[in-house]
Amino acid sequence: MSSILLLTSSPRAESLSTTIATDLAGKLQAQKAGSAIVRRDLTVLPHIDDLFTAAIRKPADARSAEEAAAVKTSDELVNELLAADTIVIGTGLINFNIYSSLKTWIDNVARAGLTFKYTENGPVGLATGKKVYVVLASGGVYSQGPAAAMNHAVPYLKSVLGFLGITEVETIYVEGLAYGPEAAEKAIGAAKARAEEIALAA
Ligand SMILES: Cc1cc2nc3c(=O)[nH]c(=O)nc-3n(C[C@H](O)[C@H](O)[C@H](O)COP(=O)(O)O)c2cc1C
């Protein structure tokens, strides 16, 4: 069965990245018979802490009860990631990067021995065979033009996902939202149209 992992990271009730990412996941599900959506609101994830960073360096059977509890959510997030064949990520461009809640998800799923491993030839990603769609909402325009160099979100996501073995990443920009209502409407329309195209081709 196909599993679509939907990750939303905006704390905003009116979030455009959440709206369009949710819409895209729903459309993909409708195209793939028998597929299921696993949804994670990343805004509720706690930051990683001292206990967590100690626990992930130990084998599971060497962890204290407290350490085991500290990695429980991380283990669930890793299993969801490994089980998914399609991942839809919604995020805003926040101070030129991703929402911190999405960064926290990355900190939880980048686990040596589970989603990547070190070899004699360097690190190898273990979360292979997945396609990722990133819905990125932003006030300015960062897909091209003078501000593109300040888009740290997409290069970062491609780097870290690539490190985990995920190389198929497409970004759906919902951009120029701060350039007035007309520009915003156009940007939302274009992103929804791209979501429709992606789903039809799936
Ligand atoms: C704290 C904060 C920082 C932001 N930083 C940027 C930025 O660096 N560049 C930009 O174009 N827009 C920036 N924005 C605008 C957001 O990208 C925009 O509101 C987007 O719609 C947020 O995504 P969301 O609608 O999914 O919450 C920022 C917004 C907030 C609240």
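**Salt bridges in the model**

Q: To start with Glu196, what is its relative accessible area?
A: In this predicted model, Glu196 has a relative accessible area of 37%. Glu196 is therefore partly exposed, as that value falls between the 20% and 50% cut-offs.

Q: Which side chain does Glu196 meet in a salt bridge?
A: The side chain of Glu196 meets that of Lys27, with an N to O distance of 3.7 Å. This pair connects distant parts of the chain, since Lys27 belongs to helix H1 (residues 16-31) and Glu196 to helix H7 (residues 181-201), 169 residues apart.

Q: How many salt bridges does the structure hold?
A: The structure holds 12 salt bridges.

Q: Turning to the strands, what does Glu168 pair with?
A: Glu168 forms a salt bridge with Lys131, and their closest N and O atoms are 4.0 Å apart. Here too distant parts of the chain are linked: Glu168 is in strand E7 (residues 168-174) and Lys131 in strand E6 (residues 131-137), 37 residues apart.

Q: And what is the relative accessible area of Lys131?
A: Lys131 has a relative accessible area of 22% and is partly exposed. Its partner Glu168 is also partly exposed, at 45%.

Q: Which residues are linked in a network of salt bridges?
A: Arg40, Lys72, Glu76 and Glu80 are linked in such a network. Within it, the side chains of Glu76 and Lys72 meet at 3.3 Å, N to O.

Q: Where do Glu76 and Lys72 lie?
A: Both lie in helix H4 (residues 72-83), four residues apart, which is about one turn of the helix. Lys72 counts as exposed at 51% relative accessibility, whereas Glu76 counts as partly exposed at 33%.

Key:
Residues are numbered from 1 along each chain as its sequence is written. This is a predicted model: local features need pLDDT of at least 70, side-chain atom pairs count only at pLDDT 80 or more; totals for chains, interfaces and linings use all residues. Side-chain values use heavy atoms; hydrogens and water are left out. Helices (H or I, at least four residues) and strands (E, at least two) are DSSP runs, numbered from the N terminus. Buried means under 20% relative accessible area, exposed over 50%, partly exposed in between (1.4 Å probe, protein chains only).
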